[in-house]
Amino acid sequence: MLDSVEANNFEALPLLSLNHVSLLCRSVWDSVRFYEDVLGFVSIKRPSSFNFNGAWLYNYGIGIHLIENPSIDDFDTIVEPRPINPKDNHISFQCTDVGLVMRRLQDMGMKYVTAVVEDQGNRVDQVFFHDPDGYMVELCNCENIPIIPLSSCSFKQRLSSFYKSAPAKCGFMENAMMESLSMEMLNISF
């Protein structure tokens with residue numbers, strides 16, 4: 001296994017974007033209904049070579065792959081529903097209207113909790129709830145807090161000077177991310 005100093009000598013893997021999230025579920029049918037009816041995902045074709053029950057869904061530029069495992073509770077020591085805790089693992093989606101989200105969840109009789117994040121005059125409203133298998137989902141207006149990268153190039157340079165190695169260079173992906181963020185900021189300002 002590489003330690004952090006050795007890992008800094010390599011370029012990051014050539015990733016493009018998040019493709020899908022895979023979730024174990026007790027009932028593919030119940031989970032598909034939830035992800036279609038509550039979150040607006042659409043069922044898509046799944047490769048026929050799979051020899052287990054599951055479903056693929058897609059929307060918002062990402063996929064959700066469901067894998068049925070009726071004995072999922074055998075692997076989880078907590079059989080009772082977990083409290084809705086914003087600090088727990090979750091999938092987060094941006095939404096257009098947090099108030100509307102809460103009203104619709106109330107109409108469906110779903111339990112949820114809310115949280116607020118504030119930073120330098122910016123406010124993000126968050127709504128957290130569980131899917132049928134207890135996976136947490138967050139809906140928020142997270143775009144209200146700008147994405148400002150910590151300067152990974154200068155951080156790498158500080159690390160390299162600390163460890164007396166060759167100076168670090170900004171990689172292609174770091175430059176591409178900064179260019180993309182700059183373009184997004186220009187689009188927002190007009």
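Q: In this predicted model, which residue of β4 is the bridge partner of N59?
A: The model is predicted, not determined by experiment. Strand β3 covers residues 54-59 and strand β4 covers residues 62-68, and the two pair in the antiparallel sense. N59 has its bridge partner in β4, and that partner is I62.

Q: Over how many bridges do β3 and β4 pair?
A: The bridge between N59 and I62 belongs to this pairing of β3 with β4. The sense of the pairing is antiparallel, and the number of bridges is six.

Q: Which strands are the edge strands of the sheet with the order β1-β4-β3-β2?
A: This open sheet has four strands and mixed pairing. An edge strand here pairs on one side only. That holds for the strand at 20-25 and the strand at 42-44, which are β1 and β2.

Q: By how many degrees are neighbouring strands of this sheet turned against each other on average?
A: The strands in question follow the order β1-β4-β3-β2. With direction ignored, the average turn between neighbours is 30 degrees.

Q: Is I44 buried, partly exposed or exposed?
A: I44 lies in strand β2, and it helps make a nonpolar surface patch of about 260 Å² together with V42 and Y58. Its relative accessible area is 38%. Buried means under 20% and exposed means over 50%, so I44, at 38%, is partly exposed.

Q: What is the order of the strands in the open sheet that contains β5?
A: This sheet has four strands, and its pairing is mixed. Its edge strands are β5 (90-94) and β6 (113-119), each of which pairs on one side only. The twist from one strand to the next averages 25 degrees. The order is β5-β8-β7-β6.

Q: Which residue in β8 stands opposite V127?
A: Strand β7 spans residues 122-130. β7 pairs with β8 in the antiparallel sense over five bridges. Opposite V127, in β8, stands L139.

Q: Does N141 count as buried or exposed?
A: N141 is found in the loop between β8 (136-140) and α4 (152-162). Its relative accessibility is 13%. The cut-off for buried is under 20%, so N141 counts as buried.

Q: Which backbone nitrogen does the side chain of N141 reach, and at what distance?
A: N141 sits in the loop that follows β8 and comes before α4. A polar contact is a pair of N or O atoms within 3.5 Å. The side chain of N141 reaches the backbone nitrogen of D125 at 2.6 Å.

Technical notes: Residues are numbered from 1 along each chain as its sequence is written. This is a predicted model: local features need pLDDT of at least 70, side-chain atom pairs count only at pLDDT 80 or more; totals for chains, interfaces and linings use all residues. Side-chain values use heavy atoms; hydrogens and water are left out. Two strands pair if DSSP finds at least two bridges between them. Axes are lines fitted to C-alpha atoms, for helices over the stretch in contact, and angles run from 0 to 180 degrees between N-to-C directions. Patches are made of residues with over 30% relative accessible area and no salt bridge: like charges are joined within 9 Å, nonpolar side chains (Val, Leu, Ile, Met, Phe, Trp, Tyr) within 5 Å. Accessible areas come from the Shrake-Rupley method with a 1.4 Å probe; for residues, only the protein chains shown count as cover. A salt bridge is a side-chain nitrogen of Lys or Arg within 4 Å of a carboxyl oxygen of Asp or Glu. Buried means under 20% relative accessible area, exposed over 50%, partly exposed in between (1.4 Å probe, protein chains only). A polar contact is a pair of N or O atoms within 3.5 Å; within protein, one must be able to donate a hydrogen and the other to accept it, and residues adjacent in sequence count only if both atoms are side-chain atoms.
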